Amino acid sequence: MALACAACSAAIIVWYLVRRPQLGRVTKVVLLAGLGLLPLIVSLTGNIAGYEYTLSRPFCGSCHVMGAYVRDAEDPKSQSLAAIHSRNHKFGDESCYMCHSDYQIFGAVTTKLNGLRHLYYYITEYASTGPDGEGGPTIKLYKPFTNAKCMQCHSTAAQKYMETHADQLEQIRSGEVSCIDCHNEVHPTALAHRAQEKKAEAK
Amino acid sequence: MRHAHVEMLVRFSSLAMLVALGLMVLSLVFPNPLFLVLAMSIGQGIGALAVALYLLAIALDLQKGASPTSNDAGAAGEEP
């Protein structure tokens, strides 16, 4: 729809620029469609389509520094938490966003603002690094991974959960103990790749 | 004189909108982070400027009121 509206809008504008009709009432109305209404539709639908795409794993993987992370998440044989969650249809193609977006009322906004920071760092620090970001600074989270993200799905009130986590239940609920302190096989392949790279750099 | 300004504003607005549309379409066809940011910031900024210029041109044209160059004789004499 956005592309069709863009094509119509461009056709009207080109018609005006080439034919140069007098600015009469009809021309003004046609131009209002070409310069106002249709571009507005392009902008709105484009924003929605763009926003939807930014949730997807291919979008995250479009920066080469994420290559090792995305390959692992998409590996059907991998047993990492990222891959297991990516195979869950609830996460599916949006597994990166599901775990790494902020889980609060303005979560989507703060996540997208952080995305702009990613882009800034990508351009200034990682653009000329190796195929998987080799040679660039170590990739790390801006802030600690909160348990609330896991608790979107994993209820700490479930009977089995309470049985298996009885000794630290309150600390987990309060965030004093992080889920990934114990369940730390989140991105093992990617982190191993980075560790090897650091070793090679040290030599 | 003013008519020439109005025409110039509309032409400039048209060209600016073509640039804005190009950026927006680019982000739809090749949705990578840089193009998306360009479309949603610079693209839409230029687009908003183009609309504002067009509305300004129309306002100036209406202000001219009954001057002979701006009379809206309807569809009759305006289309090529």
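## Exercises on a two-chain helical model

A:S174 is exposed, because 9 other C-beta atoms lie within 10 Å of its own. A residue is exposed with 12 or fewer other C-beta atoms within 10 Å of its own, buried with 20 or more, and partly exposed in between, the C-beta atoms being placed from the backbone. The model is predicted: local features require pLDDT of at least 70 and side-chain atom pairs pLDDT 80 or more, whereas totals for chains, interfaces and linings use all residues. Residues are numbered from 1 along each chain as its sequence is written, and chains are lettered from A and ligands numbered from 1 in the order in which they are written.

### Exercise 1. Two residues of helix 10

Determine whether A:I172 is buried or exposed, and state how far it lies from A:N147 in sequence and in space.

**Solution.**
1. Helix 10 of chain A spans residues 169-174 and holds A:S174; A:I172 belongs to helix 10 as well. Helices are DSSP runs of H or I with at least four residues, strands are runs of E with at least two, and both are numbered from the N terminus.
2. A:I172 counts as buried because it has 21 C-beta neighbours inside 10 Å.
3. From A:I172 to A:N147 there are 25 residues in sequence, and their C-alpha atoms are 7.3 Å apart. For A:S174 and A:N147 the corresponding values are 27 residues and 8.6 Å.
4. Leaving aside residues up to four places away in sequence, A:I172 touches A:N147, A:T156, A:H165, A:V177 and A:C179. Contact here requires C-beta atoms, placed from the backbone, within 7 Å.

### Exercise 2. The overall form of chain A

Compare the radius of gyration of chain A with that of a compact globule of 203 residues, and describe the division of the chain into domains.

**Solution.**
1. Chain A contains twelve helices and zero strands.
2. Its radius of gyration is 24 Å, whereas a compact globule of 203 residues would have one near 17 Å. The quantity is taken over C-alpha atoms, and the globule rule is 2.2 Å times the number of residues to the power 0.38.
3. Along the principal axes, the C-alpha atoms of chain A fill a box of roughly 80 × 50 × 30 Å.
4. Domain 1 covers 1-54 and domain 2 covers 60-202; such bounds come from an automatic or database domain assignment. The C-alpha centres of these two domains of chain A lie 41 Å apart.
5. Of the 203 residues in chain A, 22% are buried. Among contacts with a separation of 6 or more, 57% join residues 24 or more positions apart.

### Exercise 3. Helix 2 in each chain

State how far helix 2 of chain A reaches and where helix 2 of chain B is kinked.

**Solution.**
1. In chain A, helix 2 has 30 residues and reaches 42 Å from its first C-alpha to its last, close to the expected 44 Å at 1.5 Å a residue. The expected span is 1.5 Å times one less than the number of residues.
2. This helix of chain A bends by about 35° at A:A33. The bend at a residue is the angle between axes fitted to the seven residues ending there and the seven starting there.
3. Chain B has two helices and zero strands. Its helix 2 (residues 33-63) has 31 residues and reaches 44 Å, close to the expected 45 Å.
4. A kink of about 35° in helix 2 of chain B is centred on B:A39.
5. Buried residues of helix 2 of chain A include A:L31, A:L35, A:P39, A:S43, A:G46 and A:G50. An α-helix has 3.6 residues a turn, so residues three or four places apart point the same way.

### Exercise 4. The contact between the chains

Identify which helix supplies the largest share of the side of chain A that touches chain B, and state which residues B:G47 touches.

**Solution.**
1. The contact takes 34 residues from chain A and 36 residues from chain B.
2. On the chain A side, helix 1 (2-19), helix 2 (25-54) and helix 7 (107-126) each supply at least two residues. The largest share, 16 residues, comes from helix 2 of chain A.
3. By class, this side has 20 nonpolar, eleven polar and three charged residues. Nonpolar means Ala, Val, Leu, Ile, Met, Phe, Trp, Tyr, Cys and Pro, charged means Asp, Glu, Lys and Arg, and the others, Gly among them, are polar.
4. B:G47 lies in helix 2 of chain B and counts as buried because it has 25 C-beta neighbours inside 10 Å.
5. Apart from residues up to four places away in sequence, B:G47 touches A:P39, A:S43, B:M17 and B:A20.

Key. Contact = placed C-beta atoms within 7 Å.
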